[in-house]
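Got your viewer open? Let's take a walk through this structure, one selection at a time.

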Amino acid sequence: MSEEEARERLGPALWDAVPAKWNSDQDDVLVCTHVRPETHDVKSFLFRTPAPRLFRFRPGQFITIEVEIDGEAVNRCYTISSPPTRPDTLSITVKRAPGGKVSNWLHANLKPGMAIKALGPAGEFSCTFHPAPKYLFLSGGSGVTPLMSMSRTFYELGEDPDVVFVHSARTPRDIIFRNELTMMTHGMTKFRTGFVCEQMGEHRDWSAPTGYLTLPLLKSIVPDLAEREIFCCGPDAYMKNVRAMLAEVGFDRAHYHEESFSFENLSAEEKAEVQNLQAEAPNTGYTIEFTKSGRSIPCRPDQFILDAAKAAGMRLPFSCSKGVCGTCKSKKISGQVVMNHGGGIRQREIDAGMVLICCSKPLSDVVIDK
Ligand SMILES: Cc1cc2nc3c(=O)[nH]c(=O)nc-3n(C[C@H](O)[C@H](O)[C@H](O)COP(=O)(O)OP(=O)(O)OC[C@H]3O[C@@H](n4cnc5c(N)ncnc54)[C@H](O)[C@@H]3O)c2cc1C
Ligand code: FES
């Protein structure tokens, strides 16, 4: 049914009373309505739009937020931890990264009534893209958020899929959403949780397993893991461990989906790519100057600026590397680029001279404010 037909059927007065869908291209402001401490180093931030709007997203998707810190606009991705079944509000759940710029700023500064900018939603890590009779959710630390949004969605829709949710944390006091997950096991007959803690911490009465997640432990919690659609999110080392365990049992990779939150550690493939680029890249092409770091690097016309920066050993924020998330958004002070983005930047930002360096190739020498 078209919007026109829906308006006709509902009647204009009723139709106009229904808030429109949030569109971050036109209206990118989110107002914080509530801050909820989840653990000693994790907080959830709830948002609404200034004028009533409905959020529509897939459980597991993320938004890219932009905050101004010391006069500089900084972008980071955060998974929407709330379910799409509560369309009037949207929450993100942020773990403090030691020394991290944005997570610490949010914890220290973002209060109800304050506004931030946001872009999205984006991402393909969602069970809604891979419906299955049985799921296994595996998370470590703040990687719980996309799986929480998926679980909350099942719970609120009154669906009762067969889900085993195994969450790993440092100690029992680090388990995010512990009470809510436990509550969900009472409300859904086929929803089970398993918590695995590295150490007991101060919880001397902790009776669940301690240590890292191992294959025997995983098999004991989920004997039928081979029959499940697996969604995994957590620190890189955790996901590497999970992939190794699944390879050991010959798990079909077509039924395994993962999301990485980190951009700090380059994967083995990325490192190899960077080394190749270094070997291949002659000092011809264009010069990219980064004003804040004071670095000038060579970049070939067929090379993305981010790849050239990585090849030169620079550490710049990025996540998706395909022009979707907006993490690498930077101000171009001069020069020309050709950019082939996937929605991670708005037209008005492009008009204002912003570029996504992961998907921009130089057409001249370029100066970037970074
Ligand atoms: C799709 C997606 C979804 C995400 N969802 C969530 C979520 O739901 N919850 C969540 O908490 N996070 C999430 N993240 C991670 C989030 O985007 C941030 O990366 C995280 O909050 C850290 O950002 P920061 O600005 O605090 O840290 P940054 O300033 O980016 O630093 C990260 C780490 O690197 C170190 N570091 C920074 N610069 C240097 C340097 N020059 N040399 C050495 N070390 C350095 C810092 O000390 C810190 O430990 C998600 C990421 C992605 C890509
Ligand atoms: S890293 Fe995601 S848009 Fe560039």
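Start by colouring the chain in three pieces: domain 1 (3–122), domain 2 (127–259) and domain 3 (268–369). Keep in mind that you're looking at a predicted model.

**Stop one: where domain 1 meets domain 3**

Select domain 1 and domain 3 together. Their centres, taken over C-alpha atoms, are 28 Å apart. Seven residues from domain 1 and nine residues from domain 3 make up the contact. Now show just the domain 1 side: E6 and strand E8 (115–122) each give two or more residues to it. Which element gives the largest share of this side? That's E6, with three residues. Colour the domain 1 side by class and you'll get three nonpolar, two polar and two charged residues.

**Stop two: the ligand**

Next, click on ligand 1 and show what surrounds it. You should find 26 residues, and the closest are Gly99, Gly100, Lys101, Val102 and Ser103. Strand E6 (72–79), strand E7 (90–95) and helix H3 (101–109) each give two or more residues to this shell. Try colouring the shell by class, too: ten residues are nonpolar, ten are polar and six are charged.

**Stop three: helix H7**

Hop over to residues 236–248, which form helix H7. Here's a quick check you can do yourself. At 1.5 Å a residue, the 13 residues of H7 should span 18 Å, and the end C-alpha atoms are indeed 18 Å apart, so the two agree.

Now pick out the buried residues of H7: Met239, Val242 and Leu246. They cover an arc of only 55° around the axis, so they sit on the same side of H7. Why does that spacing work? In an α-helix there are 3.6 residues a turn, so residues three or four places apart point the same way.

What do the buried residues of H7 pack against? Show strand E9 (134–140), strand E12 (229–233) and strand E13 (256–259), and you'll have the answer. Then spin the view to the face of H7 turned away from its buried side, where the exposed residues are Ala237, Ala244, Ala247 and Glu248. Just after H7, look for glycine 250, which has a positive phi of about 70°.

**Last stop: glutamate 229**

Finally, select glutamate 229, in strand E12. Is it buried or partly exposed? With 19 other C-beta atoms within 10 Å, glutamate 229 is partly exposed. Setting aside neighbours within four places in sequence, glutamate 229 is in contact with His130, Ala132, Lys134, Tyr135 and His255. To finish, draw a distance from its C-alpha atom to that of alanine 118, 111 residues away along the chain: you should get 31 Å.

Key
Residues are numbered from 1 along each chain as its sequence is written. Chains are lettered from A and ligands numbered from 1 in the order in which they are written. This is a predicted model: local features need pLDDT of at least 70, side-chain atom pairs count only at pLDDT 80 or more; totals for chains, interfaces and linings use all residues. A residue is near a molecule or strand if its C-beta atom, placed from the backbone, lies within 6 Å of it. Helices (H or I, at least four residues) and strands (E, at least two) are DSSP runs, numbered from the N terminus. Ala, Val, Leu, Ile, Met, Phe, Trp, Tyr, Cys and Pro count as nonpolar, Asp, Glu, Lys and Arg as charged, and the others, Gly among them, as polar. The expected span of a helix is 1.5 Å times one less than its number of residues. A residue is buried if 20 or more other C-beta atoms lie within 10 Å of its own, exposed if 12 or fewer, and partly exposed in between; C-beta atoms are placed from the backbone. The arc is that of the directions from the helix axis to the C-beta atoms. Two residues are in contact if their C-beta atoms, placed from the backbone, lie within 7 Å. Domain bounds come from an automatic or database domain assignment.
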